[in-house]
Amino acid sequence: MQETGVHNGAYGADKFGLKNLTGVYWNFGAPQLYEHALKNGEAVLSSDGALVADTGVFTGRSPKDKFTVRDATTEDTMWWGGNQSITAEQFETLYQDFLKHAEGMTLFAQDLYGGADPTFRIKTRVYTELAWHSLFIRTLLRRPERAELENFVPELTLIDLPSFRADPKRHGCRSENVVAIDFARKIVLIGGTQYAGEMKKSVFTTLNYYLPEKGVLPMHCSANVGPNGDTAIFFGLSGTGKTTLSADPNRTLIGDDEHGWGKDGVFNFEGGCYAKCIKLSAENEPEIYAASTRFGAVLENVVLGEVDRKPDFDDGSKTENTRSAYPLESIPNASLTGRAGQPKNVVMLAADAFGVMPPIAKLTPAQAMYHFLSGYTAKVAGTERGVTEPTPEFSTCFGSPFLPRDPSVYGNMLRELIAKHNVDCWLVNTGWTGGIYGTGHRMPIKVTRALLTAALDGSLRNVEFRTDPYFGFAVPTALPGVPSEILDPVKTWADKAAFDTTARKLVGMFQKNFAKFEAQVDAEVRAAAPDVKMAAE
């Protein structure tokens, strides 16, 4: 077997059970992985030097194909209401079939850290069938120093084999695509999909399981820090602006997607960013655009010009979920330590396609917990079918697919941390104004940035607020440089009666969704719910 690269020779692939491999390429960097990906026909080059790959049938995660071993370790600690189970025996069969499938392959291996804080990080080894997957995960997790690789013994091992096909009857899964996690053995098996995001989210899920017991709140959020050391956290689902709004040229980026919050402050889980790049432009998002159009970036499902090979970020013909993965150092003002102090502000982002939420609102701690557990945003239906009716998405803790423990665990930790550190909390609507999707228009990013800047620098605390009659939170009535009417959504609608009907409808959706949490929260949080009775008749 050919083995090349820097690694712990005493703890090789055989320790995981891999045998009869043709070779293992250990801890290759970007140049070497480019060479293999291009030589193997896995990817192509853009004119800017980015590596561009198609993910085939799966252009996003498949949460219905994710399974966790139900055993003595997880029986009483997993949130089985939000996670699917397989037996230890089914996982072992799957594991052995993975090992058999890998025989004769040349694999790529990366030894990495999940987490920037040495106290809480998890040593992670990732075996991949594809070179570009190896570059992806090397970019997204944190890279040890060369000297650390020679004695690296993993605590968590992932193996990603897109050519593997699961058997639902044999393996206890749903389809040929599978993501299976054994928390007792700290093993993740990924098969049947080329979508690279499954790897990074599997590490995130693992940290979400282990860190609460260590007093660390794991969060699906971006984070940055201002010149005065004021840390801000941005919760939000895909497409709400986590990456865009945290990439602020006047603040230092900590990370764009996954963080922990503990006794020493905030730390990034990752060493790179994974940005949605549909409609990406140099004008609106200069830092992300520059990072995505250079050597070292990995673009997924981005269409290239047939002749000039330039990325066409406006082309969503393959998927709206086009992605760019790039190392943190590609952002000029990124924190390479991935660590910062205690947050001063928590921002919850919602892309409200109903167009009834204000562009910003201040939340009490109880309201913050309510909206954290709700995890609201809204999706728009496919325009190719001519459907313009928005649909709500409630993803508890802004990361339901990645929560192995009961949501109340994370919600209570957040509330305690907010109280302990006297954190200001804000809800920001990056969605629609002036009407629902199809009638109104997207909230101007300049308005969002102006309001966020005022929130983060403290000046928004000193303005006059009104109480929103539908949602009950405090909304600023004026801010220099922001049109006053946009702060009161009803004033942006031509049809006031339609606004009232739509707002009441959304309030009802919140109430219906939160019913499942009412027994797990106290009266103060229950009272923080939007209440349609408060709305003006």
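The following legends describe several views of a predicted model of one protein chain.

**Figure 1. Overall view of the predicted chain.** The chain contains 13 helices and 31 strands. Its radius of gyration is 23 Å, close to the 24 Å that the globule rule gives for 537 residues, so the chain is as compact as a globular protein of that length. Along the principal axes, the C-alpha atoms fill a box of roughly 75 × 55 × 50 Å. Of the 537 residues, 61% are buried. Among contacts with a separation of 6 or more, 72% join residues 24 or more positions apart.

**Figure 2. Surface and charges of the chain.** The accessible surface comes to about 20700 Å², and carbon and sulfur atoms account for 49% of this area. The chain carries 55 positive and 64 negative charges, and the mean positions of these two sets are 2 Å apart.

**Figure 3. The nonpolar cores, with a close-up of Phe235.** The largest nonpolar core consists of 60 residues. Within this core, the residues with the most contacts are Phe235, Trp261, Met348 and Phe471. Leaving aside residues up to four places away in sequence, Phe235 touches Met219, His220, Cys221, Lys242, Val346, Val347, Met348, Leu349, Phe372, Phe398 and Leu414. A second core, separate from the largest one, has 48 residues and includes Val188, Met199, Phe267 and Ala325.

**Figure 4. Helix α9, residues 365-374.** Nine of the ten residues of this helix are buried, so α9 is largely enclosed by the rest of the structure. The buried residues are Ala366, Gln367, Ala368, Met369, Tyr370, His371, Phe372, Leu373 and Ser374. One of them, Phe372, is also among the residues that Phe235 touches. Gly375 follows the helix and has a positive phi, near 60 degrees.

**Figure 5. Helix α1 and its surroundings.** Helix α1 spans residues 30-39, and its buried residues are Ala30, Leu33, Tyr34, His36 and Ala37. These buried residues pack against four strands and one helix, namely β2 (23-26), β3 (44-45), β4 (51-53), β7 (106-114) and α3 (131-140). After α1 comes Gly41, with a positive phi near 75 degrees.

**Figure 6. Val44 in strand β3.** Val44 is partly exposed, its relative accessible area being 37%. When residues up to four places away in sequence are not counted, Val44 touches Leu38, Ala50, Leu51, Val52, Leu304 and Arg309. Pro63 is 19 residues from Val44 in sequence, and the C-alpha atoms of the two lie 28 Å apart in space.

**Figure 7. Arg309 in the loop between β19 and β20.** The strands on either side of this loop are β19 (303-304) and β20 (311-312). Arg309 is a residue other than glycine with a positive phi, near 60 degrees. With a relative accessible area of 32%, Arg309 is partly exposed. Arg309 is one of the residues touched by Val44.

**Figure 8. Lys186 in the loop between β10 and β11.** Strand β10 covers residues 178-182 and strand β11 covers residues 187-191, with Lys186 in the loop between them. Lys186 likewise has a positive phi in a residue other than glycine, here near 55 degrees. At a relative accessibility of 28%, Lys186 is partly exposed.

**Figure 9. Ser202 in helix α6.** Helix α6 comprises residues 197-210. Ser202 has a relative accessibility of 1% and counts as buried, because the buried class takes in residues under 20% relative accessible area. Apart from residues up to four places away in sequence, Ser202 touches Leu158, Val179, Val188 and Ile190. Of these contacts, Val188 is also included in the second nonpolar core.

**Figure 10. Thr492 in the loop between β31 and α12.** This loop runs between strand β31 (474-476) and helix α12 (496-514). The relative accessible area of Thr492 is 21%, and the residue is partly exposed. Although Thr492 and Gly434 are 58 residues apart along the chain, their C-alpha atoms are separated by 4.4 Å. Thr492 touches Thr433, Gly434, Glu485 and Ile486, with residues up to four places away in sequence left out.

Notes: Residues are numbered from 1 along each chain as its sequence is written. This is a predicted model: local features need pLDDT of at least 70, side-chain atom pairs count only at pLDDT 80 or more; totals for chains, interfaces and linings use all residues. Side-chain values use heavy atoms; hydrogens and water are left out. Helices (H or I, at least four residues) and strands (E, at least two) are DSSP runs, numbered from the N terminus. The radius of gyration is taken over C-alpha atoms; the globule rule is 2.2 Å times the number of residues to the power 0.38. Buried means under 20% relative accessible area, exposed over 50%, partly exposed in between (1.4 Å probe, protein chains only). Contact means heavy atoms within 4.5 Å. Accessible areas come from the Shrake-Rupley method with a 1.4 Å probe; for residues, only the protein chains shown count as cover. Lys and Arg count as positive and Asp and Glu as negative; His and the chain ends are not counted. The place of a charge is taken as NZ of Lys, CZ of Arg, CG of Asp or CD of Glu. A nonpolar core is a set of buried Ala, Val, Leu, Ile, Met, Phe, Trp, Tyr and Cys residues joined through side-chain atoms within 4.5 Å.
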